[in-house]
Amino acid sequence: MSAVDWPATRDTRNPVVYEMQKNNRVQIFPSILAADFGNLSKAVTSLDGSGADAVHCDTMDGRYVPNISFGPMVVKAIKPHTSLPLCCHLMIEEPENYIDAFVDAGAFEISVHAEACVHLHRVIQQIKAAGVLAGVALNPSTPLCMVENVFSDMDMLLVMTVNPGFGGQSFIPEMLPKIAMARQMANELNPDLNIAVDGGIDVKTAPEVVRAGANILIAGSSVFGHPEGVKQACAELRSAFEDA
Ligand code: DX5
Ligand code: ZN
């Protein structure tokens with residue numbers, strides 16, 4: 001797939017994703033970092049019709065984070081196995097060098113880390129010019145003021161609720177006021193902004209982050225590690241925050 005026909009494909013295949021602000025629906029993006037890498041195609045196919053709204057793809061380079069996962073080749077390989085949009089979380093240094101590769105692989109949205117971009121404004125524009133949605137991720141120790149001057153440029157703010165690099169870590173509760181503050185800033189600066197949370201999201205933490213103002217929940221272990229499968233996991237997550 002070329003970068004040129006990607007936006008059309010994006011619109012026809014998934015017109016509702018990222019429209020949440022209009023219908024006030026919280027979305028669930030399972031992270032395949034917790035899936036069986038020996039059966040990745042099966043894992044992503046299982047998300048179709050499960051209640052998941054997109055697939056979260058975690059790319060790690062062993063430099064920005066102390067772990068190595070997968071790159072655009074794997075994103076491209078899983079693309080035909082799901083109708084869900086692929087959202088790519090780049091935990092890598094110099095992400096600007098790989099934007100085109102992820103767009104060509106079929107990314108719907110690309111998130112870069114603010115801490116990894118010397119010229120964050122330029123990278124956001126680069127992502128948008130390539131025809132996909134632009135997200136910016138912040139580590140737990142990074143304050144919101146790092147993105148204050150690009151707030152209206154972002155399609156998604158990804159608030160890390162663990163230190164990036166590994167699945168299965170515990171949620172950091174000190175991130176709750178940060179999420180609330182991000183939602184407050186969004187109300188003033190960019191009402192359409194999606195606020196995603198990533199790390200340690202399960203039935204206990206989901207209601208807390210939704211109450212704080214998150215509208216996209218990224219969850220690895222609690223979805224792929226659920227003994228009754230991904231559909232049941234998504235249903236339990238959704239009822240946890242909807243009942244809250
Ligand atoms: C962490 C990744 C997360 C991870 C979340 O570095 O960015 O997306 O997969 O996994 P859980 O839900 O297990 O914390
Ligand atoms: Zn992630």
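Let's begin at a residue tucked inside the protein: His 113 has 0% relative accessibility, so this histidine counts as buried. The cut-off behind that word is simple, because buried means under 20% relative accessible area. Keep in mind as you look around that this is a predicted model.

Where does His 113 sit along the fold? You will find His 113 in strand 4, which covers residues 107–113. Its side chain also has a partner, since the side chains of His 113 and Asn 139 are joined by a polar contact of 3.4 Å.

Now turn to another residue, Ser 46. This serine belongs to helix 3, made of residues 40–47. Is Ser 46 buried or exposed, or does it fall in between? With 32% relative accessibility, Ser 46 counts as partly exposed, because that class lies between the limits of 20% and 50%. The side chain of Ser 46 reaches back to the backbone oxygen of Ala 43, at 2.6 Å. For a sense of scale, pick out Ala 180 as well: from C-alpha to C-alpha, Ser 46 and Ala 180 are 33 Å apart in space, and 134 residues separate them in sequence.

Next, follow the chain to ligand 1. How many residues surround this ligand? There are 19 of them, and the closest are Asp 58, Gly 165, Asp 198, Gly 220 and Ser 221. Sorted by class, this shell has ten polar, seven nonpolar and two charged residues. Two strands each supply at least two residues of the shell, namely strand 2 (55–60) and strand 3 (86–91). Of the contributors, strand 2 gives the most, with three residues.

Zoom in a little further and you can pick out individual atoms facing the ligand. At His 89, a polar side-chain atom lies 3.3 Å from an oxygen atom of ligand 1. The backbone takes part too: a polar backbone atom of Gly 165 is 2.7 Å from an oxygen atom of the ligand. Gly 168 offers a similar sight, with a backbone N or O atom lying 2.8 Å from an oxygen atom of ligand 1. How much of the ligand's surface does the protein bury? Taken alone, ligand 1 exposes 380 Å², and the protein buries 99% of that.

Finally, step back and look at the space that holds the ligand. The space taken by ligand 1 is the second largest pocket. To retrace the tour, you started at the buried His 113, passed the partly exposed Ser 46, and ended at a ligand surrounded by 19 residues.

Definitions and conventions: Residues are numbered from 1 along each chain as its sequence is written. Chains are lettered from A and ligands numbered from 1 in the order in which they are written. This is a predicted model: local features need pLDDT of at least 70, side-chain atom pairs count only at pLDDT 80 or more; totals for chains, interfaces and linings use all residues. Side-chain values use heavy atoms; hydrogens and water are left out. A residue is near a molecule or strand if one of its heavy atoms lies within 4 Å of it. A polar contact is a pair of N or O atoms within 3.5 Å; within protein, one must be able to donate a hydrogen and the other to accept it, and residues adjacent in sequence count only if both atoms are side-chain atoms. Accessible areas come from the Shrake-Rupley method with a 1.4 Å probe; for residues, only the protein chains shown count as cover. On a 1 Å grid over the protein atoms alone, a cavity is a set of points where a 1.4 Å probe fits but cannot get out, and a pocket is an open set with protein on both sides within 12 Å along at least five of seven lines; lining residues have an atom within 4 Å of a point. A molecule sits in a cavity or pocket if more than half of its atoms lie within 2 Å of its grid points. Helices (H or I, at least four residues) and strands (E, at least two) are DSSP runs, numbered from the N terminus. Ala, Val, Leu, Ile, Met, Phe, Trp, Tyr, Cys and Pro count as nonpolar, Asp, Glu, Lys and Arg as charged, and the others, Gly among them, as polar. Buried means under 20% relative accessible area, exposed over 50%, partly exposed in between (1.4 Å probe, protein chains only).
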